[in-house]
Amino acid sequence: MKIPFVDLRAQYAALKPEVDAAITRVVESCQFVGGGAVRNFEENFAKFVEGGHTVGTSSGTSAIHLALVGLEVGPGDEVITPCNTFIATTEAVTHAGATPVLVDVEDDTRLIDPSKIEAAITPRTRAIIPVHLYGQPADMDAVRAIAKKHSLKIIADACQAHGADIAGDRSRVLGDLTAYSFYPGKNLGAYGDAGAVVTHDADTAKLLRALADHGSSEKYHHFAEGWNYRLDGIQAAVLDVKLKYIEEWTERRRHNAARYDAAFAGTPVRPVVATAGRRHVYHLYVVRVADRVGLGAALNEKGIANGIHYPIPLHLQPAYAHLGLGPGSFPVAEKGVSEIISLPMYPELTDEMVDEVAAAVIEFVS
């Protein structure tokens with residue numbers, strides 16, 4: 001059978017009456033920017049992540065940027081983050097006027113390596129952005145200890161980790177500020193770009209909400225230049241419908257991951273390690289194989305979609321040539337990117353489909 005990488009059509013078909021009704025309510029109210037749908041979603045998402053306050057934004061990228069600005073990170077400052085992440089993480093740092101400082105990752109999890117952070121700290125360092133990559137929380141206890149020791153702020157990039165937790169506590173994956181993305185393919189996805197910043201501090205939430213609305217807390221009164229980073233009503237309405245199902249979807253993702261894991265046990269296929277005590281929500285299911293290119297081609301021939309997240313570490317991207325970090329700068333990340341491949345992962349994936357994907361992978365590597 002043909003197996004897509006993500007199946008948004010199947011998800012929409014299951015939710016069509018609720019989603020259509022929610023969109024219709026926004027259209028009939030004409031509250032397209034802000035309004036009740038946005039407020040309702042912000043309140044419900046804050047409860048879901050145990051984060052206090054949610055400020056809806058136009059994307060995950062704008063959420064990270066807004067968080068940096070809210071912490072007054074700017075020109076002359078440095079922000080430490082892993083080299084193995086999507087460019088949005090570092091892009092936001094640069095857009096805030098600061099300099100991204102990259103560090104290597106752990107070999108087994110592909111997450112930021114806390115043991116590499118302190119060596120990267122300088123008098124200009126203001127913050128750390130751990131990335132909960134693929135849906136697994138980074139080692140936040142270690143990151144917090146380092147941040148506390150050096151009086152640094154933490155902005156958690158949870159753009160792939162909706163509902164993740166540490167030892168059953170969702171608040172432990174959060175930083176001083178936490179950014180989420182609701183890009184359509186995410187575990188909680190809108191029908192366009194959308195994002196959010198989560199904070200426990202009411203005053204910070206008020207500031208961020210105003211900065212996201214052109215620096216205005218009162219119409220036509222601007223205390224600062226801000227941005228048009230607002231979450232629109234239709235996206236909020238869609239997200240609020242989906243939020244009711246995310247726990248069910250997450251458990252299905254975890255079921256699928258466990259089925260993959262069992263199939264690959266004792267084979268040359270090495271799944272990225274899910275650390276005990278951290279709830280991995282499997283935005284992506286990533287494995288490592290010796291011949292990633294060959295496996296991808298073999299899966300494509302069988303109609304099984306796959307991907308690579310991400311094929312080039314940030315320090316080797318042309319956009320960051322000015323950092324002067326050539327090949328060999330971060331050997332763990334560099335070795336891993338030649339081996340990783342992402343397999344289909346979504347709640348609508350059936351056991352039969354998981355088994356077919358796993359059999360195709362095992363057939364190739366064997």
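The dialogue below goes through the sheet, the helices around it and two buried residues of a predicted model.

Colleague: Before we start, what should I keep in mind about this model?

Modeller: The model is predicted, so local features need pLDDT of at least 70 and side-chain atom pairs count only at pLDDT 80 or more, while totals for chains, interfaces and linings use all residues. Residues are numbered from 1 along each chain as its sequence is written, and side-chain values use heavy atoms, with hydrogens and water left out.

Colleague: In what order do the strands of the sheet lie?

Modeller: Strands (E, at least two residues) and helices (H or I, at least four) are DSSP runs numbered from the N terminus, and two strands pair if DSSP finds at least two bridges between them. Here 7 strands form an open sheet with mixed pairing, in the order β1-β8-β7-β5-β4-β2-β3. The edges are taken by β1 (53–57) and β3 (99–103), each of which has a single partner strand, so one side of each lacks a neighbour in the sheet. From one strand to the next, the twist averages 25°.

Colleague: In which sense do β2 and β3 pair?

Modeller: Strand β2 (residues 78–82) pairs with β3 in the parallel sense, over 5 bridges. Within that pairing, Glu-78 stands opposite Thr-99 of β3, and the bridge partner of Val-79 is Pro-100.

Colleague: How many residues of β2 are buried?

Modeller: A residue is buried under 20% relative accessible area, exposed over 50% and partly exposed in between, using a 1.4 Å probe and protein chains only. In β2, 5 of its 5 residues are buried, with Glu-78, Ile-80 and Pro-82 on one side and Val-79 and Thr-81 on the other.

Colleague: Which elements do the buried residues of α4 pack against?

Modeller: Contact means heavy atoms within 4.5 Å. Helix α4 (residues 87–95) has Ala-88, Thr-89, Thr-90, Ala-92 and Val-93 as its buried residues, and these pack against α3, β2, β3 and β5. After α4 comes Gly-97, with a positive phi near 95°.

Colleague: At what angle do α3 and α6 pack?

Modeller: Axes are lines fitted to C-alpha atoms, for helices over the stretch in contact, and angles run from 0 to 180 degrees between N-to-C directions. Helix α3 (residues 60–70) and helix α6 (residues 202–211) pack at about 120°, with their axes 10 Å apart. Angles under 35 degrees count as roughly parallel, over 145 as roughly antiparallel, 65 to 115 as roughly perpendicular and the rest as oblique, which makes α3 oblique to α6. The contact is made by Leu-66, Val-69 and Gly-70 of α3 together with Leu-207, Leu-208 and Leu-211 of α6.

Colleague: Which strands do α5 and α6 touch or lie across?

Modeller: Helix α5 (residues 140–149) lies across β4 (125–128) and β5 (153–157), and runs at about 155° to β5. For its part, α6 packs on the sheet by touching β1, β7 (177–181) and β8 (195–199), and its direction makes about 10° with that of β1.

Colleague: Are Ile-166 and Val-173 buried or exposed?

Modeller: Ile-166, in strand β6 (residues 165–166), counts as buried because its relative accessibility is 9%. Val-173, in the loop between β6 and β7, is also buried, with a relative accessible area of 1%. Leaving aside neighbours within four places in sequence, the contacts of Val-173 include Ile-166, Met-140 and Tyr-180. The C-alpha atoms of Val-173 and Glu-50 are separated by 9.9 Å, although these residues are 123 apart along the chain.
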